[in-house]
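Please look through the sequence and the structure shown below before reading on. The report that follows begins with a single residue and then moves outward to the ligand, the helices, the domains and the chain.

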Amino acid sequence: MHGRPTDEIRGRVAVIGAGVAGLVAARRLAQRGADVTVWEAEDRVGGQVHTAEVTPGTYLDLGAEALHLAAPGVAALLAELRLDGVRLDETMVVSSPGATRLVTPRGLRALPDGVGPAGPTRLGPVVRSRTLTWSGLARAGLEPAAARRMPALADDGDMSVGDFVTRRFGGAVTHAFVDPLLGTLHSGDVSRLSLRGCAPALVPAATHRRSLVLRRRAAGPPALGFATWPQGLSVLTTALLADQPGVTVRTGTAATSLSRRSDGRYDLAGPGTPAGTPYDAVVLAVPARPAARLLAGLAPQAAATLAAVETADVVTVLVGVPSTVTRDLPGTGLLVPSDAGRLLKAATYLGRKWPHLAGGETCWLRLSAGRAGEHRVQDLTDDRLVDLLTADLRDLTGLAGLAAAPTAAVVRRWPAALPQITVGHPARVAAARATLPPGVVLAGASYDGLGLAAGIRSGEAAAAALSVPEEAR
Ligand SMILES: Cc1cc2nc3c(=O)[nH]c(=O)nc-3n(C[C@H](O)[C@H](O)[C@H](O)COP(=O)(O)OP(=O)(O)OC[C@H]3O[C@@H](n4cnc5c(N)ncnc54)[C@H](O)[C@@H]3O)c2cc1C
């Protein structure tokens, strides 16, 4: 399919993968008139959005748990779906203020204001937080001078987030903030993660050698935070197709073979699912490895690039403990640096973070583990994971009551779930995209970055990139 993008589409389109990116792409294509079939290997839609009713009436997320409301594209989609608090039964809840704690060699420290996944934008709160030593602080204060000294990042260049932050603020800042924040988010090594792919907001500062702490911010209303719904994030993935004619979803249907016919259309098949009526276009909204397998015969160069994308195995463990036990926990959770020698990567005290989960007899704790390059979480049994992660939390917080057996636990493994967006990844993906046959597009976290907001934008862009042949209109 080619021609003018965003016009009407009359053809048949297969969307492979019903994660947020695939569902957004399916919705947009159906809105343009396409006859869309979604192929999804699992028996449910949502991909890494997976809400479970852990006890009657309590919905907790086992995958993504918070939507970044301020990210571009999110507010408009929520308004379109009438999910932005308009429906009485699906009013959004915004996470409570209350800082996450960082695990540091000097004990737990509240995450200072103005420190994001890619480092600080204000130094005052960092000074007051007592997270850094005096020498670390002194080096961080040289950031404006370091910004002028560092060579500008070329328009086609890339570097690691860790390298960028270390050269600007010093290694202590990378270690204290970027590793536990960005590294934990991506389950990866910040000295390998791409500045362009994982921290695009820093790229203008890198290309224009602008200081991050001297940057003047326009005054305005406080930024919108993170949100969910009382019924969990599956509200979003369900709503994407709920009122959308023109989309057929086939769950339990893995696609394992994609081939191009002599008329230019595509045959898609899977185990027990022979190729039926061909498709005019295909959206590959699956992670890079399954996409590579599907593209092996059609676009071998792109397939080789995608097959090389590394991933991290991660696990989410939800533990219910009596609220009396967790009453004295400070903040809303904690983040653990990669070199702390702990299996626990992050903990969120759900009853503290989310107003709708506060106040019950049970406080649910969300514990995460798994980093790129280690497969321990895959080898441990569920019981062992619960034991080790609660023991880490107990040691780090000093909360002896956690030694008591939890009242409930849910373990959700996410093998090969988080793509490692390493240095040069955006350029490699762009080159792979350029070799795809006409009518085949990629969407999702493996290509356009982690997170629901990035998935929404990726699905929108994939749908916009497809167009109907001029001659068929
Ligand atoms: C534990 C965890 C916590 C997270 N927390 C957050 C958070 O709080 N906020 C946030 O914004 N993001 C978070 N993320 C990241 C976010 O969830 C993902 O980036 C996003 O959901 C990925 O969407 P996607 O559509 O790209 O891929 P996926 O959701 O992975 O969807 C791909 C789909 O393709 C299907 N599939 C694969 N192969 C085939 C095949 N051959 N045939 C058919 N179907 C196939 C899969 O079953 C899957 O449903 C988290 C991720 C994880 C794992």
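## Two residues with positive phi

Ala-416 counts as partly exposed, because 16 other C-beta atoms lie within 10 Å, whereas 20 or more would be needed for a residue to be called buried. This residue belongs to strand β20, and its phi is positive, at about 50°, although Ala-416 is not a glycine. The model in which these values were computed is a predicted one.

Arg-209 also has a positive phi, near 55°, and is likewise a residue other than glycine. Arg-209 is placed in the loop between α9 (203-207) and β11 (226-228), and with 14 C-beta neighbours inside 10 Å it counts as partly exposed.

## The shell around the ligand

The ligand is surrounded by 37 residues, of which Gly-17, Gly-19, Gly-47, Ala-64 and Gly-444 come nearest. By class, the shell around the ligand is made up of 22 nonpolar, twelve polar and three charged residues.

Strand β20 (408-419) supplies at least two residues of this shell, and so does each of α1 (20-31), β16 (311-322) and α19 (452-465). At the level of domains, at least three residues of the shell come from domain 1 (12-48 + 237-309 + 421-472), and at least three come from domain 3 (311-419).

## Two helices and their packing

Helix α10 (residues 234-242) is largely enclosed by the rest of the structure, because seven of its nine residues are buried. The buried residues of α10 are Ser-234, Val-235, Leu-236, Thr-237, Ala-239, Leu-240 and Leu-241, and they pack against helix α1 as well as against the strands β3 (51-55), β5 (67-68) and β12 (247-250). Helix α1 thus appears both here, as a packing partner of α10, and among the elements that supply residues to the shell around the ligand.

In helix α12 (residues 300-307), the buried residues are Ala-302, Ala-303, Thr-305 and Leu-306. Seen down the axis of α12, these buried residues fall within an arc of 160°, and they therefore line one face of the helix. The buried residues of α12 pack against α11 (288-295) and α17 (425-434).

## Domains

The domain assignment of the protein chain gives domain 1 (12-48 + 237-309 + 421-472), domain 2 (111-207) and domain 3 (311-419). Taken over C-alpha atoms, the centres of domain 2 and domain 3 are separated by 27 Å.

Where these two domains touch, ten residues of domain 2 are in contact with twelve residues of domain 3. The side of domain 2 that touches domain 3 has two nonpolar, six polar and two charged residues.

## The chain as a whole

The secondary structure of the protein chain comes to 19 helices and 21 strands, and the C-alpha trace spans about 70 × 60 × 45 Å along its principal axes. The radius of gyration of the protein chain is 23 Å, which agrees with the value near 23 Å that a compact globule of 473 residues would have.

Of the 473 residues in the protein chain, 49% are buried. Among the contacts with a separation of 6 or more, 71% are made by residues 24 or more positions apart.

Note on methods. Residues are numbered from 1 along each chain as its sequence is written. This is a predicted model: local features need pLDDT of at least 70, side-chain atom pairs count only at pLDDT 80 or more; totals for chains, interfaces and linings use all residues. Helices (H or I, at least four residues) and strands (E, at least two) are DSSP runs, numbered from the N terminus. The radius of gyration is taken over C-alpha atoms; the globule rule is 2.2 Å times the number of residues to the power 0.38. A residue is buried if 20 or more other C-beta atoms lie within 10 Å of its own, exposed if 12 or fewer, and partly exposed in between; C-beta atoms are placed from the backbone. Two residues are in contact if their C-beta atoms, placed from the backbone, lie within 7 Å. A residue is near a molecule or strand if its C-beta atom, placed from the backbone, lies within 6 Å of it. Ala, Val, Leu, Ile, Met, Phe, Trp, Tyr, Cys and Pro count as nonpolar, Asp, Glu, Lys and Arg as charged, and the others, Gly among them, as polar. Domain bounds come from an automatic or database domain assignment. The arc is that of the directions from the helix axis to the C-beta atoms.
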